[in-house]
Amino acid sequence: MLYTITAVSPEVEDFAIELQIESDATFAELHDLIRRTCLWEKHKPSTFYVCDERWRRERAIPEKSLEDDTMDEVELGDLLDDEGQRLQYIFDPDEGRGLLLEVTHISYGKHIDAPLCRRQHGTAPQLTTESHDVAQPKTTEQLLAELNAAALADDDDIEPTDDELFDIEEIDLEGFDFTEE
């Protein structure tokens with residue numbers, strides 16, 4: 001059995017690839033095909049998720065795991081059996097970035113020598129995002145000052161009185177789990 005799988009990126013509007021791969025190939029082989037097609041180097045451990053028709057995740061197939069079956073152990077045909085079946089491929093788990101895949105066609109009795117990319121449109125998303133200056137966590141006092149400013153922003157011409165401002169000493173923080181570092 002031969003699968004035609006179409007992959008798109010939620011973050012790059014004009015990107016799409018159409019892949020062909022045998023049903024007895026593993027998810028690791030699909031993973032390698034995607035990486036080669038997108039010209040991505042090895043990065044972070046990736047995960048496939050088999051999804052329902054509304055893209056809700058039903059089963060994870062991680063690249064590495066001590067508990068679950070991994071990409072090397074699971075064949076596509078074990079979990080994919082219908083046209084229209086959906087998958088998510090998460091290549092950047094820290095940022096939740098990935099591709100949306102759908103089995104667009106199943107050819108019975110056809111075979112290919114090796115998995116391949118039949119078509120590609122647009123440029124694949126970058127493997128990593130540009131990281132800007134990492135914001136330091138705000139203190140409780142900074143957050144309260146921002147809340148005060150936001151609350152008073154609607155009435156710019158009204159000057160707040162001292163009793164209209166939040167006072168950290170008046171707030172009972174018991175029951176909240178705050179850790180300041």
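A residue counts as buried when its relative accessible area is under 20%, and as exposed when that area is over 50%. By this cut-off Glu-18, at 13% relative accessibility, is buried. The structure described here is a predicted model.

**Overall architecture**

The protein contains three helices and seven strands, and these follow one another along the sequence in the pattern β-β-α-β-β-α-β-β-β-α. Of its 181 residues, 35% are buried. Among contacts between residues at least 6 apart in sequence, 59% join residues at least 24 apart. The protein exposes about 12200 Å², of which carbon and sulfur atoms supply 46%.

**The sheet**

Seven strands form an open sheet with antiparallel pairing, in the order E4-E3-E5-E6-E1-E2-E7. Strands E4 and E7 (116-121) stand at the edges with a single partner strand each, so one side of each has no neighbour in the sheet. From one strand to the next, the twist averages 25 degrees. Helix H1 (residues 27-38) packs on this sheet and touches E1, E2, E3, E4, E5, E6 (97-107) and E7; the direction of H1 makes about 145 degrees with that of E2.

Strand E1 (residues 2-8) is largely enclosed by the rest of the structure, because five of its seven residues are buried. Seven bridges pair E1 with strand E2 (residues 16-22) in the antiparallel sense, and seven bridges also join E1 to E6, again antiparallel. Within the pairing with E2, Ile-5 stands opposite Leu-19 and Thr-6 stands opposite Glu-18. In E6, the bridge partner of Thr-6 is Glu-102.

Strand E3 (residues 47-51) is mostly covered, with five of its five residues buried. In a regular strand, side chains alternate between the two faces of the sheet. In E3, Thr-47, Tyr-49 and Cys-51 point one way, while Phe-48 and Val-50 point the other way. Five bridges join E3 to strand E4 (residues 57-62), where Ile-61 is the bridge partner of Phe-48. Five bridges also join E3 to strand E5 (residues 86-92), where Leu-87 is the bridge partner of Val-50. The hairpin of E3 and E4 has five residues between the strands, and Trp-55 in this hairpin takes a positive phi near 65 degrees.

**Salt bridges**

Side chains of opposite charge can pair when their charged atoms come close. The whole structure holds nine salt bridges, including the three tabulated here.

| Salt bridge | Closest N to O distance |
|---|---|
| Arg-118 and Glu-18 | 2.7 Å |
| Asp-92 and Lys-44 | 3.2 Å |
| Arg-97 and Asp-92 | 3.5 Å |

The pair of Arg-118 in strand E7 and Glu-18 in strand E2 links parts of the chain that are 100 residues apart. Arg-118 is partly exposed, at a relative accessible area of 41%, whereas Glu-18 is buried at 13%.

Asp-92 lies in strand E5 and Lys-44 in the loop between H1 and E3, so this pair ties together parts that are 48 residues apart in sequence. Asp-92 is buried at 2% relative accessibility, and Lys-44 is partly exposed at 26%. Arg-97, which also forms a salt bridge with Asp-92, is buried with a relative accessible area of 7%. A network of salt bridges links Glu-11, Lys-44, Asp-92, Asp-94 and Arg-97.

Key: Residues are numbered from 1 along each chain as its sequence is written. This is a predicted model: local features need pLDDT of at least 70, side-chain atom pairs count only at pLDDT 80 or more; totals for chains, interfaces and linings use all residues. Side-chain values use heavy atoms; hydrogens and water are left out. Buried means under 20% relative accessible area, exposed over 50%, partly exposed in between (1.4 Å probe, protein chains only). Helices (H or I, at least four residues) and strands (E, at least two) are DSSP runs, numbered from the N terminus. Two strands pair if DSSP finds at least two bridges between them. Contact means heavy atoms within 4.5 Å. Accessible areas come from the Shrake-Rupley method with a 1.4 Å probe; for residues, only the protein chains shown count as cover. Axes are lines fitted to C-alpha atoms, for helices over the stretch in contact, and angles run from 0 to 180 degrees between N-to-C directions. A salt bridge is a side-chain nitrogen of Lys or Arg within 4 Å of a carboxyl oxygen of Asp or Glu.
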